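Reader: Please go through the helices, charged pairs and aromatic rings of this model, with the cut-offs stated.

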Amino acid sequence: MTVTLRYLGPDPSLAYRPNLNQTDSKDKSAYRNYESGDLIDRVYNTYRLMHSNQTLDFVKRKHAEWAGCSHTTMTVMESVDALDQLVDESDPDLVGLIHDIGKIMALWGEPQWAVVGDTFPVGCRFQNSIVFRDTTFTDNPDDKNPAYNSENGIYKPKCGLDNVLMSWGHDEYLYRVMKFNKCTIPEEGLYMIRFHSFYPWHSHGDYMHLCSEKDLSMLPWVKEFNKFDLYTKSPDLPDVEKLKPYYQTLIDKYCPGKLFW
């Protein structure tokens, strides 16, 4: 497959993510501001499309389309280079470096609402902690379906997040790529990749009724990673060429060679 790269502009889900430095005294809770700002209309529209279209059936179709990793082959570093306008290469470890490269789906034609933004389970009630919950799900048929809009929906209590279908995006896609290619990233790192955008869970404490003991034991790792995902971004880019050898050693250890995407 020939990969055609197209510049899509900034990821709208990042518009209200923080750009903190260590001397910034502003309350961190102010940075995920979904009520005002220069880009609020674009951000709202992205979530409106996401919340209208991310149904259980849609997610199942995306799994069938992408989970087989049949789109192309490339190394992890090649994928990072392709997304250098989206990936913060100053993140402090391998998971920090690669966690967003699932956004490469956007360069292959996926709309941003099926790639970026906060994630949430489908097939059960959409919780109030989801961004713009009150106004953006009115066109989602699952919200009106009694089989899907109860607390547990299609799931059993404490079934485990491994058995829950999340809204489709770069988190789930990259997790599938790592598993398909048998990458040896530790389980804690895989949880960080898969659930770092699941804010209703790791930041608001929702969906705990679906969690297994394993999920609860992994939650502190995801919460810890969130500090680096949000609060260490900077407009001052590091010397990428100097950093590459360090990251390449980690890639060679955990995700070597050409991967299927």
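The exchange below takes up the basis of the values, then helices, salt bridges, a record entry and ring pairs.

Reader: What kind of model is this, and which pLDDT do side-chain atom pairs need?

Author: This is a predicted model, in which local features need pLDDT of at least 70, totals for chains, interfaces and linings use all residues, and side-chain atom pairs count only at pLDDT 80 or more. Residues are numbered from 1 along each chain as its sequence is written, and side-chain values use heavy atoms, with hydrogens and water left out. The pLDDT asked for is 80 or more.

Reader: On which residue is the kink in H10 centred?

Author: Helices (H or I, at least four residues) and strands (E, at least two) are DSSP runs, numbered from the N terminus. Helix H10 covers residues 240-254 and reaches 20 Å from its first C-alpha to its last, close to the 21 Å expected, where the expected span is 1.5 Å times one less than the number of residues. The bend is the angle between axes fitted to the seven residues ending at a residue and the seven starting there. In H10 the kink is about 30°, and its centre is Tyr246.

Reader: Which helices do the buried residues of H10 pack against?

Author: Buried means under 20% relative accessible area, exposed over 50%, and partly exposed in between (1.4 Å probe, protein chains only). In H10 the buried residues are Tyr247, Leu250 and Ile251. With contact taken as heavy atoms within 4.5 Å, these buried residues pack against H3 (76-82) and H4 (94-98).

Reader: Why is H6 described as largely enclosed, and what covers its buried residues?

Author: H6 is largely enclosed by the rest of the structure because 8 of its 11 residues are buried. They are His170, Asp171, Glu172, Tyr173, Leu174, Tyr175, Val177 and Met178. The cover includes H2, H4, helix H7 (187-195) and strand S2 (259-260).

Reader: Which residue just after H6 takes a positive phi?

Author: The phi in question is about 55°. The residue that takes it is Lys182.

Reader: How many salt bridges are there?

Author: A salt bridge is a side-chain nitrogen of Lys or Arg within 4 Å of a carboxyl oxygen of Asp or Glu. By this rule the count is 14.

Reader: Is Lys62, the partner of Glu65, buried or exposed?

Author: Glu65 and Lys62 form a salt bridge, with their closest N and O atoms 2.9 Å apart. Both lie in helix H2 (residues 56-66), 3 residues apart, about one turn of the helix. Glu65 is partly exposed at a relative accessible area of 37%. Lys62 has 10% relative accessibility and so counts as buried.

Reader: How many residues apart are Arg125 and Glu151?

Author: Their closest N and O atoms are 3.0 Å apart, in a salt bridge. The pair links distant parts of the chain, with Arg125 in the loop between H4 and helix H5 (133-136) and Glu151 in the loop between H5 and H6 (170-180). Arg125 is partly exposed at 35%, and Glu151 is partly exposed at 32%. The separation is 26 residues.

Reader: Which residues do salt bridges that share partners join into one network?

Author: A pair in H9 (residues 213-231) can be given beforehand: Glu224 and Lys227 meet in a salt bridge at 3.0 Å, N to O, and lie 3 residues apart, about one turn of the helix. The network made by shared partners consists of Asp162, Glu172, Arg176, Glu187, Arg194 and Lys214.

Reader: Where does Lys103, listed by UniProt for "binding site", lie?

Author: The unreviewed UniProt entry lists Lys103 for "binding site", along with residues including Arg32, Asp88 and His196. UniProt positions are given in the numbering used here, feature names are shortened, and annotations may be inferred rather than shown by experiment. At 2% relative accessibility, Lys103 counts as buried. Its place is the loop between H4 and H5.

Reader: How many aromatic pairs are there, and why is the pair Trp66 and Trp108 stacked?

Author: Rings of Phe, Tyr and Trp (its six-membered ring) pair if their centres lie within 6.5 Å; planes under 30 degrees apart count as stacked, over 60 as edge-to-face and the rest as tilted. The count is 16 aromatic pairs. The rings of Trp66 and Trp108 have centres 5.9 Å apart and planes at 10°, so this pair is stacked.
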